[in-house]
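Student: I am new to this structure and would like a close look at a single part, namely one strand together with its partners and the charged pairs around them. Please take me through that part slowly.

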Amino acid sequence: MASQLRVDKIVPVDGAPTGGAGGVVQVQSTTKTGAFQKASGTSFQDVTGLSVSITPKFSTSKILVLYDMSWSTSSGHMSCRLMRDSTPIKVGDGNGSRTQCTGQQHHSSSGQNQYDIFHVTGTHMDSPATTSSVTYKMQVGTPYSADYDCRVNYQGDDSDASWAGRTASTITVMEVSA
C-alpha cells in the first residue's frame, strides 16, 4: 500500500507566489511589562519598549499590525497614536485644532476613574512598500495641556497596595504576502 499526503494548500516560507495572496511570511512581536510615564510637555512621545521592527521580504507585502496598550491618567485628556517609523498611521482626518490620534481617554473631574487602567486595542493593515526595516510603535501625548499626565501599564493613583494593578502592553506585526 502506497502512502498518501493530502492537503488543501502549502504556502512556502517566502510567501505565496504571485497571484496567491494571503500567506503569512513572518511574525514579530514585543510585550512591554514595565511602567512608563510621559515626560512633561504637550508633544507625543514614544512609549519606551513598546516598538517592534520588521524587515519585509517583499515590497508588495502588507503588514498586519495588532496592538493593545494599557494606559491611565490622573488628570485631563490623553491621546495615543500608532506609528510607522515617524509617520502616524491609523489616525483620524485632521479637522481644525482636533488631535489626530488612534485613541483618547479623559480623566473624570469627579475622580471616579482615577483607579482605572484603560485599554486601546486594534488592528491595522499597513502598506509600507519597502524591503527595508520598519518600526511600529505607540506614542502617547497630552496635546491639550502640559499639566496632564499619561501612564502606561499602571494606574493614575499608583499607591503601593494590592488593588493597584500593573499590566502589560503588546504590539505584534505580521508580513502578509500580496
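Tutor: What follows begins with the chain as a whole and then turns to strand S4 and its surroundings.

This is a predicted model, in which local features need pLDDT of at least 70 and side-chain atom pairs count only at pLDDT 80 or more, while totals for chains, interfaces and linings use all residues. Residues are numbered from 1 along each chain as its sequence is written, and side-chain values use heavy atoms, with hydrogens and water left out.

The chain has eleven strands and zero helices, where both are DSSP runs numbered from the N terminus, a helix being H or I over at least four residues and a strand being E over at least two. Of its 178 residues, 42% count as buried, a word that here means under 20% relative accessible area, with exposed meaning over 50% and partly exposed lying in between (1.4 Å probe, protein chains only). If a contact is taken as heavy atoms within 4.5 Å, then among contacts between residues at least 6 apart in sequence, 78% join residues at least 24 apart.

Strand S4 covers residues 62-72, and it pairs with other strands in the sense that DSSP finds at least two bridges between them. With strand S8 (residues 118-126) it runs antiparallel, joined by nine bridges, and within that pairing Met 69 stands opposite Val 120. Strand S11 (residues 169-176) is also an antiparallel partner of S4, over seven bridges, and there Lys 62 has Val 176 opposite. A further antiparallel pairing, over two bridges, connects S4 with strand S10 (residues 151-152), where Ser 72 has Arg 151 as its bridge partner. As background, in a regular strand the side chains alternate between the two faces of the sheet.

Arg 151 leads from the strands to the charged pairs, since its side chain meets that of Asp 149 in a salt bridge at 2.7 Å, N to O, the term meaning a side-chain nitrogen of Lys or Arg within 4 Å of a carboxyl oxygen of Asp or Glu. Both ends of this pair are buried, Arg 151 because its relative accessible area is 13% and Asp 149 because its relative accessibility is 9%. In S8, the partner strand of S4, Asp 126 forms a salt bridge with Arg 84, the closest N and O atoms being 2.6 Å apart. That pair links distant parts of the chain, for Arg 84 belongs to strand S5 (residues 77-84) and is 42 residues from Asp 126; Asp 126 and Arg 84 are both buried. The count of salt bridges comes to three, and the one not yet described joins Lys 137 to Asp 46, with the closest N and O atoms 3.1 Å apart. It connects strand S9 (residues 134-141), which holds Lys 137, with strand S3 (residues 45-54), which holds Asp 46, across 91 residues. Here Lys 137 counts as buried because its relative accessibility is 16%, whereas Asp 46 is partly exposed because its relative accessible area is 36%.

Strand S10 also lies beside a loop contact, as Gly 34, placed in the loop between strand S1 (24-32) and strand S2 (36-37), is in contact with Val 152 and Asn 153, leaving aside its neighbours within four places in sequence. Gly 34 counts as partly exposed because its relative accessibility is 30%.
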